[in-house]
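Here's a quick briefing to read alongside the structure. Have the viewer open and follow along by topic.

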Amino acid sequence: MNTKKRLVVIGNGMAGVACVEEIVRLDPHRYEITIFGKERHPNYNRVLLSHVLAGEMGLKDITLHPFDWYKEKDIHLNTACKVVELNRGRRVVITEDGRETPYDRLILATGSIPIMPPIHGIDKEGVLAFRNIEDCERIQEASGRLKRAVVIGGGLLGLEAAYGMSRLGMDVTVLHLMDRLMERQIDEASSNILKEDLESRGIKILLNKETAEILGDEKVSGIRFKDGGTLGCDIVVVAIGIRPNKELAASSGLYCEKGIVVSDTLQTYDSAIYAVGECIQNRGKTFGLIAPIFEQARVLANHLAGDCRLVFKDQPVSARLKIPDIELYSAGAVSEGDDIDTIEYIDRKAKVYKRLFLRDNRIQGIVMYGDTRDSQRLFQHLVDDSDISERRNAILFGAAPGPSADALSGDAIICRCNGITKGVIVDAIEKKGLFTREDVKRETKASSSCGGCAALVDQILESVLGSSFQGMAKGICECTKYTREDVIKNIREKRLLSVSEVMETMGWETVGCEQCRPALNYYVSMVWPKEYKEDATSRVVNERVHANIQKDGAFSVVPRMYGGVTNPYELKRIADVAIKYNVPLVKVTGGQRIDLLGITRETLPKVWRDLDMPSGFAYGKAVRTVKTCVGSVFCRYGVQDSLNMGIALEKNFEGIWTPAKLKMGVSGCPRNCAEATIKDVGIVGITGGWDIFIGGCGGIDLRAADRLCAAKSSEEVEDIVGAFLQLYREDANYGERTSRWVVRTGLEAIRKAVVEDVDTRRGLCARFEHALNIGADPWKERIKRTEEGMGEGLLQ
């Protein structure tokens, strides 16, 4: 006889499933659990939707509970299944297809609905919201056809949507009703810095703009403002806020106001029905941020599991803007008043701004921009209502320490994005044998969202594990506990020549993932360059196809031009190919190459054949380009022949695989026209020889290269650079750029190995020579296979 009570949850989002997860943890045998979700997906992290929209993550990356989790916990999950009626008298829920499911206890976790303002034309094709995966998919699909986008709403969600759309290549304008962005979370000064940073990224901001009408016949064609102005656009995303989704509850007769009214134990006016998340109203307040929602889930689970000791008490909340390279943190109340004083710090040049709002020497609100490292420490002062009168002069500078992880109680919330307490983390570390932050993230979800609590998680690990935490290395991915060093040691000592041999010999726990398989393929090829067995399935798509995939699924082709030098015959062939195959775009790259963009997959071998030029490896983790200036051959300022030096280096080093993409530059004099000092390897001509630079980066993490040494001859340059590349190949993690590796390894250690210790350098050069010129040009190899009727080979 089944004695379990029947628990039904309407809503498969973060609030409802967090509650179920806690119930199962506290009392796994108490309920027979059924969940209904309107979406077709398992539970995922909505906090990270902007990264999905931008194409930086996929659904798999943000899934919190995969389908297998529901099966393991014996939970009956119904996806793409809308509940349309709640019969409280009979205690059943009724779905859209007429199915009835009885309950003993019911949780309403119906979430929220985007607010769509009463604007004329709001129902036109092209007007979208931004709240779930389907919204992301619709916007992404539209970005392939439509380029002019408007986001109505300059709050957190609107700005994150604008960022995602700009990453999709759309021309984005944000319209905001108020006189500053994010007026609920930040003050005027930080809002001004934010506006500048967003505009520098190509996102246009229009403040004090109220939309009167969305223009167009059936489809959106523009916006008309109340002041009479207009703005052309093809798509409008509305992100002005949310309202509780209370319709199902209200239609059943449950008492609702702004949301479903609940007590401090999350119980509605019907004793068998509870509600949690964005759909509720407690003590007159509704909720839109994730931290209080997870606390509600914890309290509700405590009551449904029979302990019944916790009550929900609203706490201050914090928010982070999830746009890469914009550090913005806000917490508490940031409004000014007669009884509020402030402590402020601003560095206008560095765009660092910090401000505390205080009442009677107690923090009421926090705004931080540009440097948010102390956010958790300051937030703890806010939550504890600490008197900071003795710390005012230093509190913004980290000199006055706040409570450490050791000082926090077990019920202190560490991860506010996921509602994870210190006690939960400590329990997981001790009972499940966790050693790294990745372990904690996997088991508890702490630090898996915004990452703001990562330092506290590390403190807890160190506190519980002691020296074990300091010495525990991280596995190369979540498929294995083996580190990079473990893998390479086994490859070398056991002569493992393929990815499959490594996995079989080392007892890989899965078939591998997109992180470990390419890494293993590289490590095998690095250790055994002539003997290893290539595994095309373990390469990323660009390296499998030997071309860079673009957002529309087409590819770009970049032929090799040694040192950036070409001739009329090559240019004519490029022009002929562009005309013959109707190439949509021909562009000169920053690496002094010519890129043909928009080539279909099936056309690639034909394009390569007609070009009759070597592959430029622009798609691979390999030596890509050597950028040069004309040097002493033509330039009156040149002191060395940079042109021929660059050509020689590129011809000698082409095709060598490296842990990450590698770019070089050779300048004929210190004027540095080839920008050699922001390259992975830079050579600069000086009177009597060359200066060699390493570890530069001209990308997002801009870094000037370090001067390694001087060399007197081109032969010495090639010798030292070859030794450096081999040391990098052997020592760096797969995917680690030289800019990060040089910092991690230390310039002096690298200089000793490749410059000062002649024997070490000689060994590195010998191994580098052994790895050079292993394979044929991949484009020519593919053409040969195609002509021999062997199919597409690695194009599969």
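**Strand 15 and A212**

A212 is partly exposed, at a relative accessible area of 22%. A212 belongs to strand 15, residues 211-215. Bear in mind that this is a predicted model.

- Setting aside neighbours within four places in sequence, A212 touches I119, H120, R224, F225 and K226.
- From A212 to G507 the C-alpha separation is 64 Å, and the two are 295 residues apart along the chain.

**Salt bridges**

- The program's tally for the structure is 56 salt bridges.
- One of them joins E134 and R40, with the closest N and O atoms 2.9 Å apart. This pair links distant parts of the chain: E134 is in helix 5 (residues 133-143), while R40 is in the loop between strand 2 (31-36) and strand 3 (43-44), 94 residues apart.
- E134 counts as buried, at 15% relative accessibility, whereas R40 is partly exposed at 44%.
- E344 and R355 also meet through their side chains, at 3.3 Å from N to O. E344 sits in strand 25 (residues 341-347) and R355 in strand 26 (residues 352-359), so this salt bridge ties together parts 11 residues apart in sequence.
- Here E344 is partly exposed at 48% relative accessibility, and R355 is buried at 9%.
- K533 pairs with E501, again as a salt bridge, with the closest N and O atoms 3.3 Å apart. K533 is in the loop between helix 17 (516-527) and helix 18 (541-545), and E501 is in helix 16 (residues 499-506), so to speak a link between distant parts of the chain, 32 residues apart.
- Both ends of that pair are partly exposed: K533 has a relative accessible area of 45%, and E501 comes in at 23%.
- Through shared partners, salt bridges join D187, E336, E344 and R355 into one network.

**Helix 12**

- Which residues of helix 12 are buried? In this helix, residues 437-444, they are D439, V440 and T444. They lie on the same side of helix 12 because they cover an arc of only 95° around the axis.
- Those buried residues pack against strand 29 (420-421), helix 11 (422-432) and helix 13 (454-465).
- Just after helix 12, K445 adopts a positive phi of about 80°.

**A nonpolar surface patch**

- V630, V633 and F634 make a nonpolar surface patch of about 300 Å².
- V633 is in the loop between strand 34 (623-628) and helix 21 (642-653), and V633 is partly exposed, with a relative accessible area of 40%. That value fits the patch rule, because patch residues need over 30% relative accessible area.

Conventions:
Residues numbered from 1 in each chain as written. Predicted model: local features only at pLDDT ≥ 70, side-chain atom pairs only at ≥ 80, totals over all residues. Heavy atoms only, no water. Patch = residues over 30% accessible without salt bridge, like charges linked within 9 Å, V, L, I, M, F, W, Y side chains within 5 Å. Areas by Shrake-Rupley, 256 points an atom, 1.4 Å probe, with all protein chains shown as cover. Salt bridge = Lys/Arg side-chain N within 4 Å of Asp/Glu carboxyl O. Helix = DSSP H or I, 4+ residues; strand = E, 2+ residues; numbered from the N terminus. Buried < 20%, exposed > 50% of the residue type's maximum accessible area, 1.4 Å probe, protein only. Arc of directions from axis to C-beta. Contact = heavy atoms within 4.5 Å.
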